[in-house]
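User: I am new to reading protein models. Can we go through this one step by step?

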Amino acid sequence: MNNFIDELRWRGMLQDMTPELEQHLNDGMRSAYLGFDPTADSLHIGHLVGVMTLLHFQRSGHKPFALVGGATGMIGDPSFKSAERNLLDKATLDHNVECLKKQLSKFLNFKEGTTNKAELVNNYDWMSQFSFLEFIRDVGKYITVNYMMAKDSVKRRLEEGSGLSFTEFSYQLIQGYDFFHLWKNKGVSIQLGGSDQWGNIVTGTELIRKMEGGSAFALTVPLITKADGSKFGKTESGSVWLDPDKTSPYAFYQFWLNVSDEDASKYIRIFTLLDKNSIEILEKQHQEAPHLRILQKEIAKQVTTMIHGEQEYEMAVKASEILFGKSSTEDLAALDERTFLQVFDGVPQVQIDREEYMNIGNVLDLLSEKSQGLIFPSKGEARKMIQGGGVAINKEKVSDPNASNNYTLLQNKYLLVQKGKKQYFIISIK
RNA sequence: GGGGGAAUACCAAAGCGGCCAACUGGGACGGACUGUAAAUCCGUUGACUUAUGUCUUCACAGGUUCGAAUCCUGUUUCCCCCA
């Protein structure tokens, strides 16, 4: 069994911790919690860092609690956000909480009988019992406004002049109380979180100390960054979700595969469970032959398998090979229909009647008007792109916009259209 | 309250009566190279269309002129200086 702190340390996942934590952990099995905000009905890869942290905690023999913020989600954490958050309604929140619970339950070991079995809690369960009066009397009394205003997350909002509502201001108190509640009732003595949570976590340890003279600990992990400074976990099409309906396993796999060299070493430590030795070997191999992108492939494999399973991973690899490998028209034609559809699952499709299709004069019409503007909204754009060499049908470049429309249909009913390198469309003939 | 200046396409920034759909840079998008990368190079970047075409743009509303992003009048917004 490995040491939790050491494990995080070499993985570059340790930002900060309260001083006596290490000793505290060495003294036996401990419990820690980490919270997830139900702002959407799926986790995204940014949350994965938290998940991994809990996972390491459990693997070190300790007991992890995943908290879903059914209550805190109603308030909105002001931490390092520049503007007041929009509140979600209760129904949406309930739905989100349920979805997150389902996802979280896949990662940790919740098996009965395991001594350090993971637990899932929702702070709505205890916060909803409180009346406002009770809360400000029993909890608010212990923390001064001066203390709360001194937090960076709050201070910044005050300085910027954008202000924050009393609602958001109270957030740290609620989260602090969560910690107290879990400490009191579940024996949770540690709170884990992203580095932006430090202030909120410490309010919790403060509350525990003041209310009952207890001691509790904090540990934060760094926020994930990208070497080029852009925001981690975003693609052109938005967040990378764990829910396969929101981000297909293929797109998910692609995200990891496209990680830059600078970031790959960092990410493989954070997002996979590979041990130090294996990682160093992979890094060495990567350096020797960077073009093979060994690191990226391994990260993509590990993470995709963990989230979506082996089958989906293999499908994603297959799809990637077909889409980006040097496959030809023949390779495409050789695919059976089922595989073809699987590979191109999620690719935008447009249907054209067979009769109508037969009457289309040239490629230009086919890609603009006749495909209802899905591929190109106008003839002009289609023409420009074709002339710029950016269009391919069935993996073969289209060079003349006026070329007649006599492509071989795959499976006798599909055309695979490529706009640029990465955008695919399917025209299916009915 | 007084004085001065500015508003141009996704952003920045030229243009100051016809040669302006508007220089240039960034971004975005394509292409070449490559590792589905970075760097570099090339092309496109108001709309529709493909003819040496049409239409809609230079804060907004009017006006002068054969002709305006460019001149005049009013309106709005922003910036600076003085009080």
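User: What percentage of the 430 residues in chain A is buried?

Analyst: This is a predicted model, so every value here is computed from predicted atoms. A residue counts as buried when its relative accessible area is under 20%. In chain A, which has 430 residues, the buried share is 51%.

User: How many helices and strands does chain A have?

Analyst: Chain A contains both kinds of element. Its C-alpha trace spans about 80 × 50 × 40 Å along the principal axes. The count is 21 helices and 13 strands.

User: Among contacts between residues at least 6 apart in sequence, what share joins residues at least 24 apart?

Analyst: Contact here means heavy atoms within 4.5 Å. Take the contacts in chain A between residues at least 6 apart in sequence. The share that joins residues at least 24 apart is 72%.

User: Which elements help cover the buried residues of helix H13?

Analyst: Start with the residues to be covered. Helix H13 spans residues 261-271, and its buried residues are Asp263, Ala264, Tyr267, Ile268, Arg269, Ile270 and Phe271. Their cover includes helix H1 (4-10), helix H3 (48-59), helix H12 (249-257), H14 and H15.

User: Now the surface. How much of the accessible surface of chain A belongs to carbon and sulfur atoms?

Analyst: The accessible surface of chain A comes to about 20,700 Å². The part that belongs to carbon and sulfur atoms is 49%.

User: Which helix gives the most to the nonpolar patch?

Analyst: The patch is formed by Phe132, Leu133, Ile136 and Phe166, with about 470 Å² of accessible area together. Phe132 has its place in helix H7 and is exposed, at 55% relative accessible area. With three residues in the patch, the top contributor is helix H7 (residues 132-138).

User: Which residues form the positive surface patch?

Analyst: A patch residue needs over 30% relative accessible area and no salt bridge. Arg293 passes the area cut-off, with 31%. The full patch is Arg293, Lys297, Lys397, Lys421 and Lys422.

User: How far apart are the mean positions of the positive and negative charges of chain A?

Analyst: Chain A carries 49 positive and 55 negative charges. Each set has a mean position. These two positions are 1 Å apart.

User: How many salt bridges are there?

Analyst: Side chains of opposite charge can pair when their charged atoms come close. The cut-off is a side-chain nitrogen of Lys or Arg within 4 Å of a carboxyl oxygen of Asp or Glu. By this rule the count is 19.

User: How many residues apart in sequence are the parts that Lys246 and Asp41 tie together?

Analyst: The two side chains meet in a salt bridge, at 3.1 Å from N to O. Lys246 lies in the loop between strand E8 (238-239) and H12, and Asp41 lies in the loop between strand E2 (31-36) and H3, so the tied parts are separated in sequence by 205 residues.

User: Is Lys246 buried, partly exposed or exposed?

Analyst: Its partner Asp41 has 24% relative accessibility and counts as partly exposed. Lys246 has 39% relative accessibility, so Lys246 counts as partly exposed.

User: Lys117 forms a salt bridge with Glu112. Is Lys117 buried or exposed?

Analyst: The closest N and O atoms of Lys117 and Glu112 are 3.6 Å apart. Glu112 is exposed, at 67% relative accessible area. Lys117 has a relative accessible area of 17%, so Lys117 is buried.

User: Where does Lys379, the partner of Glu369, lie?

Analyst: Glu369 and Lys379 form a salt bridge, with their closest N and O atoms 3.5 Å apart. Glu369 lies in the loop between helix H20 (363-367) and helix H21 (379-387), and the pair ties together parts 10 residues apart in sequence. Lys379 is partly exposed, at 35%. The place of Lys379 is helix H21.

User: What is the phi of Gln372, which is not a glycine?

Analyst: Most residues other than glycine have a negative phi. Arg293, in the loop between H14 and H15, has a positive phi of about 50°. Gln372 lies in the loop between H20 and H21 and is exposed, at 58% relative accessible area. The phi of Gln372 is positive, about 55°.

Conventions:
Residues are numbered from 1 along each chain as its sequence is written. Chains are lettered from A and ligands numbered from 1 in the order in which they are written. This is a predicted model: local features need pLDDT of at least 70, side-chain atom pairs count only at pLDDT 80 or more; totals for chains, interfaces and linings use all residues. Side-chain values use heavy atoms; hydrogens and water are left out. Patches are made of residues with over 30% relative accessible area and no salt bridge: like charges are joined within 9 Å, nonpolar side chains (Val, Leu, Ile, Met, Phe, Trp, Tyr) within 5 Å. Accessible areas come from the Shrake-Rupley method with a 1.4 Å probe; for residues, only the protein chains shown count as cover. Lys and Arg count as positive and Asp and Glu as negative; His and the chain ends are not counted. The place of a charge is taken as NZ of Lys, CZ of Arg, CG of Asp or CD of Glu. Buried means under 20% relative accessible area, exposed over 50%, partly exposed in between (1.4 Å probe, protein chains only). Helices (H or I, at least four residues) and strands (E, at least two) are DSSP runs, numbered from the N terminus.
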